[in-house]
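Me: I would like a close look at a single part of this model. Please keep it brisk.

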Amino acid sequence: VNIVAFGNERDGFSEDNQQPSLIWSYLRRSALISQIDSSLSASHVGNPVFTEYQACVFGNVRLVVHDCPVWDIFDSDWYTSCRLIGGADIIVIKYSVNDKTSFQELKDSYVPMVKKALNHCSVPVIISAIGARKNGVPCTCPLCTSDRRSCVTTSEGVQLAKELGATYLELHTLNDFYIQKYFGGVLEYFMIQSLNQKSSEKMKKRKKTQKCHRVQPPQLEQPEKMPILKGEASHYNADLHNLLCCCQCADVAFYAEDLSTAVEAHKIILCSASQLFMLLFGVRRPCGAQDASAVQLAQSLFALQTGDPCPGPPPCAPPVRVLVKDPAFCSCLPDILHFIYSGAFQWERLEEDIKKKLKDPDKTEHVLEKVKCILKTPGKLNTVKNCKSHQIKRLYNTSLRLFFNTPVLADVIFKIQGATVPAHRAVLVARCEVMAAMFNGNYLEANSILVPVYGVSKDTFLSFLEYLYTDSCCPASILQAMSLLICAEMYQVMRLQHICELYIITQLQSMPSRELASTSLSIVSLLKKAKFHNSDCLSTWLLHFIATNYLIFSQKPEFQELSVEERNFVEMHRWPSNLYLKQLADYRNYIHSQKCHCTVM
């Protein structure tokens, strides 16, 4: 039995971070569960995407549970989330009744994704509302949203359950009664239903085979399973953090008022994180609106130091000097920059670092408030009190999409197919090792603003740059994905190469046989390109794909372009096999010799 659980049952503002999860509490306390084993998935910026539990239930039934506390898996890894839901026998959705914002985000953003992934499958869904509703005094902070004052009501939970056709449960506390009797009783009921359904299907197949006593046609075995390509975890924030650590392409330097210390950074990263830095460096927002509080804060914290004009072109220009007026803020600036560059995931760690450095509660609170004001979204009231990492992450967006393919702050221009594409060295160096070597080594590009690009089209190169800036790509077709894969291999960006491989595989798998037989797309040509550009996973998969659809591809002219080694592999793994075709011919001869007729006809 496969169970998939989504959501976080803990209150976003609760101090008890050690509270066990609902799934783990059930597995640990239930008398029906034995031989529990757990393992974490590949980490995503330090946080596990999901925990996998394996156990035995009802004696000898294997139970596999995937507990996904963070809904971000739908944003970062759609393929994994669809695979988990597609293989689930039971789905559990959890939320805290005291976290209205998370519930609203679940309802608006992720429930439609779950519906799409279910695709009208009759999988039982359990919605668990966890916690006792708190009616404390609301926070009077002017930046708190009104949604924080209220809890998630029972009617809202029931309405959500109706939308999904789910069973709604309220668990006021995670004690033995609510976990074993209430939640466990419903869960075990659906487990029994799932087992009965599987047993019934198995018995039907067995009875069907027992009815036939006469000579049966040969059984067509399923084709060999194709190799599975696993996606690579994103290292977007790690790349930007490493850029800060190595100080390559730094174009701004922060100084204390006495010019005793200096901390280097990058305008492009800072401006993508905060409107305050946009104001400081004279970058205009697309909307043109300015937050008066941000202007006041920028003037109170920083001052641009004027000096001699910068000699030479931008690659040779020295960093812009910025004086930090606040001594406490200046002493904590390295920690603050590490926090910003790492994607604002580690707010608790930033708090601890500043507390250790300042050793003064008032100064610590003062600096933390400054950081929150710097990062807040203009024009919105943001929660700045008792924030946790996942809530601070919502206060701002570190995506560099705003500066993609724009001349703002650009210090390099690519010339491709007669057109020019502006870019930023800091982003390119952080995200691509080949470009890091090109711009920092003894190459002509290191001191040039205009860099020619050969061997790739403008649209493909723009898609490649878009991935470097945003960590996402959406190819429009299989051919475009292959072009992007070739570009990714040229610049040694392995994760983008894997994304393109997965896209090509997904598109080919979803293509029906009739379309596959009539398409002008050459699978053999894709195979040749994949091999030439060292895409071993894709080339192996394409060989299996050709072998699995042997009857279609063997009739195409491109089949003759396969090498001897490839042809031998396809013949060895072809489906249906030569043995099956021989058995089928013998069976047909037997039928004609016995003058038997089809019972259906």
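Where is Asp-99 found? Start there, then take in the strands around that part.

Reply: This is a predicted model. Asp-99 is found in the loop between β7 and α4, the helix of residues 100-118. Asp-99 counts as buried because its relative accessibility is 5%, and the limit for buried is under 20%. Its side chain has a polar partner: the side chain of Ser-102, at 2.8 Å.

Now the strand before that loop. β7 covers residues 90-96 and runs parallel to β8, with six bridges joining the two. One of the paired positions is Ile-91, whose bridge partner in β8 is Val-125.

β8 itself spans residues 125-130. This strand is mostly covered, with six of its six residues buried. The cover is on both faces. Val-125, Ile-127 and Ala-129 are buried on one side. Ile-126, Ser-128 and Ile-130 are buried on the other. Val-125 thus appears twice here: as the bridge partner of Ile-91, and among the buried residues of β8.

β8 also pairs with β9, residues 167-171. Five bridges join them, and again the strands run parallel. Here Ile-130 of β8 has Leu-171 in β9 as its bridge partner. Ile-130, too, is buried.

To sum up, β8 is joined by bridges to β7 and to β9. Both of its faces are covered. Asp-99 sits in the loop that follows β7 and leads to α4, and its side chain contacts that of Ser-102.

Key. Residues numbered from 1 in each chain as written. Predicted model: local features only at pLDDT ≥ 70, side-chain atom pairs only at ≥ 80, totals over all residues. Heavy atoms only, no water. Buried < 20%, exposed > 50% of the residue type's maximum accessible area, 1.4 Å probe, protein only. Helix = DSSP H or I, 4+ residues; strand = E, 2+ residues; numbered from the N terminus. Pairing = 2+ DSSP bridges. Polar contact = N/O pair within 3.5 Å; in protein donor to acceptor, adjacent residues only side chain to side chain.
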